[in-house]
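Biologist: Please take me through the helix packing in this model, up close. Then work outward to the charged pairs and anything else worth a look.

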Amino acid sequence: MSAPVTAPVAARLSFVDRYLAVWILVAMAVGLGLGRLVPGLGDMLAKVTVTGVSLPIALGLLVMMYPVLAKVRYDRLGTVTGDRRLLVPSLVLNWVLGPALMFALAWMFLPDLPEFRTGLIIVGLARCIAMVVIWNDLACGDREAAAVLVALNSVFQVFAFSLLGWFYLSVLPGWLGLEQTVLDVSVGEIARSVLIFLGIPLAAGYLTRRLGERANGRTWYETQLLPRIGPFALYGLLFTIVVLFALQGDAITSRPFDVVRIALPLLVYFALMWAGSLALGKAVGLDYPKAATLAFTAAGNNFELAIAVSIATFGATSGQALAGVVGPLIEVPVLIGLVYVALAARRFFPDPGPSAASPSVVPEGPARV
């Protein structure tokens, strides 16, 4: 075992991960400062774009997503696809209940703020791709199952995201007599943005693992290479937040109450998705490690993808992009807290045995950020 279950959660995190929320707050402050001190920064950043996203932001998004996708064990898909008690609930939670719940919460909490509401709906469509791996490890979940579910969500998201976006932003609101969101880009253009900002790092991560393991073996790959490239995910995240907050400075400082309103439905979403998923895992007969994995993979969201799509569709200074930026600031402390709750709830599950109960080694560096 890598660490006793009773060890404090903070003590099991690296120095960088332990103070991740602090680094994000610092990046926000730096971004706000740059936005105030550098005239014309927005115009300068928008001169070169990739599918409507400024080049600095595009590079930041790609850099933050590549290392975490390189950690996925793509050869273990069969170990989970054969477990219907885990796979079916995961697919239902991620692709049916999760988006529907965020849609409902967005309309309940933000009926008068259409930009933020749309941004939250996009967040609900962007399912977890890797960050939840570290929370799953800290909670002594099944890491192999988490890696496979993350990979499955990554592949499924490439094909489903644009269709679900069209349904939840245009079709369903029309059926319910609610305000519909008119997109300035076609479904195909949204799919292209998803393919670039998810497909490229996904392909790069897969090839890195495939070629790295072929050249030097899995032990070298996971103990030598991954710790070296892992920190770049954090660098990419912080760089992206600095640029985004430089562009969002006026909206944040002039409308702080709106930022709080974005945070409220996110808090409710994380609590309901995580608790409901853990309870469902127990109800269908999963042991604790797999039930914890089900809960964390269902509760997590891919804010990087949501931010990328929001920027490409609505612009970097839009309320939709701001809703995505607020996401990781809420997710990090909430999911750390839910690790404690998960460990406390472990006693309500049957003991799966020493081998199944042993937690995996916590990966070096941020797992998804």
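Modeller: Start with a cut-off: an angle over 145 degrees between two helix axes counts as roughly antiparallel. Bear in mind that this is a predicted model. Two packed helices are described by the angle between their axes and the distance between those axes.

Now take α15 and α16. Their axes lie 8 Å apart, at an angle of about 170°. The two helices are therefore roughly antiparallel to each other. Their crossing is left-handed.

Next, swap the partner of α15. Helix α7, residues 114-125, packs against helix α15, residues 303-314, at an angle of about 135°. Here too the axes are 8 Å apart. That angle makes α7 oblique to α15. The crossing of α7 and α15 is right-handed.

Stay with α16 for one residue. Helix α16 covers residues 319-345, and alanine 321 lies in it. Is alanine 321 buried or exposed? Alanine 321 is buried, because its relative accessible area is 0%. Now look for leucine 120. The C-alpha atoms of alanine 321 and leucine 120 are 9.4 Å apart in space. In sequence, 201 residues separate the two.

Now the charged pairs. Side chains of opposite charge can pair when their charged atoms come close. This structure holds seven salt bridges. One of them joins aspartate 75 to arginine 218, with the closest N and O atoms 2.9 Å apart. Aspartate 75 sits in the loop between α4 and α5, while arginine 218 is in helix α11, residues 218-229, so the pair ties together parts that are 143 residues apart in sequence. Aspartate 75 counts as exposed, because its relative accessibility is 52%.

A second long-range pair is aspartate 83 with lysine 290. Their closest N and O atoms are 2.8 Å apart. Aspartate 83 lies in the loop between α5 and α6, and lysine 290 in helix α14, residues 288-299, so this bridge ties together parts that are 207 residues apart in sequence. What of the cover on each partner? Aspartate 83 counts as buried, because its relative accessibility is 13%. Lysine 290 counts as partly exposed, at 22%.

Go back to arginine 218. Its side chain also meets that of glutamate 213 in a salt bridge, at 2.7 Å from N to O. Shared partners join Asp75, Arg209, Glu213, Arg218 and Glu222 into one network of salt bridges.

Two more stops. The first is a backbone detail. Which loop holds cysteine 140? Cysteine 140 lies in the loop between α8, residues 132-138, and α9, residues 143-175. Its phi is near 60°, a positive value in a residue other than glycine. Cysteine 140 counts as buried, because its relative accessibility is 1%.

The second stop is on the surface. Tyr19, Val22, Val26, Val30 and Leu34 form a nonpolar patch there. Together these residues have about 380 Å² of accessible area. Pick out valine 22. This valine is found in helix α2, residues 20-37. Valine 22 counts as partly exposed, because its relative accessibility is 38%.

Key: Residues numbered from 1 in each chain as written. Predicted model: local features only at pLDDT ≥ 70, side-chain atom pairs only at ≥ 80, totals over all residues. Heavy atoms only, no water. Patch = residues over 30% accessible without salt bridge, like charges linked within 9 Å, V, L, I, M, F, W, Y side chains within 5 Å. Areas by Shrake-Rupley, 256 points an atom, 1.4 Å probe, with all protein chains shown as cover. Salt bridge = Lys/Arg side-chain N within 4 Å of Asp/Glu carboxyl O. Helix = DSSP H or I, 4+ residues; strand = E, 2+ residues; numbered from the N terminus. Buried < 20%, exposed > 50% of the residue type's maximum accessible area, 1.4 Å probe, protein only. Axes fitted to C-alpha atoms, helices over the stretch in contact; angles between N-to-C directions. Parallel < 35°, antiparallel > 145°, perpendicular 65-115°, else oblique. Left-handed = near helix turned anticlockwise from the far one by under 90°.
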